[in-house]
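Student: I would like to go through the enclosed spaces and the ligand site of this model, one question at a time.

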Amino acid sequence: MISRRDQLAAALARVEDRIAAACAHAGRPRSQVTLVVVTKQFPASDVVLLHELGIHDVGENRDQEAAEKFADLPGRGGLRLHFVGQVQSRKAGHVASYADVVHSADRLKVIAALDRGAAAADRRLSVLVQVALDEAPGRGGAALGDAGRLADATAQAESLDLRGVMAVAPLDGDPAAAFGRLRQVADGIRSAHPDAGWISAGMSADLEAAVVAGATHLRVGTAILGSRASHG
Ligand SMILES: *Cc1c(COP(=O)(O)O)cnc(C)c1O
């Protein structure tokens with residue numbers, strides 16, 4: 001039977017090939033793109049294996065699960081923890097106490113709570129403004145027209161570092177067109193905040209379109225860890 005380590009190594013190699021091909025196609029250096037492996041619903045033992053296989057950036061989407069999983073990893077060994085899920089404002093302070101990057105700031109209330117939480121923990125927190133690329137309610141993200149205001153608020157917050165924008169492609173429709181809209185928002189924000197050049201976009205199904213649209217961070221789960229449904 002194939003070991004979990006070999007399974008993850010093979011899947012990582014396949015995803016690496018896809019990223020390299022997409023970068024070549026887009027004429028972008030591979031070094032401009034960071035792979036964030038989304039480990040939600042998978043155990044801390046997988047995080048340890050991924051780290052041994054050279055991964056430095058991992059993503060989680062639930063406060064309690066993330067906090068427990070990473071509390072088990074001694075010193076965290078140089079792993080950066082990206083919080084990619086919707087942030088409830090009453091949990092934001094806690095998330096700010098352990099996450100390195102929050103991808104999903106989409107309301108002023110959440111930004112204020114993240115700032116307070118980071119200050120209370122005496123640390124700085126990198127923050128991306130999440131933009132909604134479709135009309136479907138409930139999937140998180142600020143309206144396109146509000147993104148600039150939220151970016152300004154993040155940049156002004158005492159303990160937050162505005163890094164850029166994040167989005168999830170719409171469930172239906174063309175991811176390339178959606179990521180193109182995100183790119184426009186990102187360019188607008190970067191003209192006001194030159195250090196905010198990150199674009200977090202692209203998941204297992206659409207990472208190629210994201211690389212073409214200029215993504216700097218890909219958030220990939222299923223293509224590396226397998227299906228969450230079959231994992232139980
Ligand atoms: C789960 C999740 C991902 C990873 O999605 P896959 O399709 O499994 O690659 C990326 N981004 C966010 C916000 C997620 O919740």
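Student: How many cavities of 30 Å³ or more does a search of the whole structure find?

Tutor: The model is a predicted one, and the search covers the whole structure. With a cut-off of 30 Å³ or more, the number of cavities found is 1.

Student: How much space lies in the largest cavity, and how do its lining residues divide by class?

Tutor: The lining consists of Gln 130, Val 131, Ala 132, Leu 133, Asp 134, Arg 139, Gly 140 and Val 168. By class, these are 4 nonpolar, 2 polar and 2 charged residues. The space in this largest cavity is about 50 Å³.

Student: Which pocket does the ligand take up, and what is the make-up of the shell around the ligand?

Tutor: The space that the ligand takes is the largest pocket. Around the ligand are Val 38, Lys 40, Val 84, Met 166, Met 203, Ser 204, Arg 219, Val 220, Gly 221, Thr 222 and Arg 228. Sorted by class, the residues of this shell are 5 nonpolar, 3 polar and 3 charged.

Student: Where do polar side-chain atoms approach the ligand, and how much of its area does the protein bury?

Tutor: A polar side-chain atom of Arg 219 lies 2.9 Å from a ligand nitrogen, while one of Thr 222 lies 2.5 Å from a ligand oxygen. In the side chain of Arg 228, an N or O atom is 2.8 Å from an oxygen atom of the ligand. Taken alone, the ligand exposes 390 Å², and the share of this that the protein buries is 88%.

Methods:
Residues numbered from 1 in each chain as written. Predicted model: local features only at pLDDT ≥ 70, side-chain atom pairs only at ≥ 80, totals over all residues. Heavy atoms only, no water. Near = heavy atom within 4 Å. Polar contact = N/O pair within 3.5 Å; in protein donor to acceptor, adjacent residues only side chain to side chain. Areas by Shrake-Rupley, 256 points an atom, 1.4 Å probe, with all protein chains shown as cover. 1 Å grid on protein atoms, 1.4 Å probe; cavity = no way out; pocket = protein on both sides within 12 Å on 5 of 7 lines; lining within 4 Å. Sits in = over half its atoms within 2 Å of the grid points. Nonpolar A, V, L, I, M, F, W, Y, C, P; charged D, E, K, R; others polar. Points joined across faces, edges and corners; volume = space filled by probe spheres on them.
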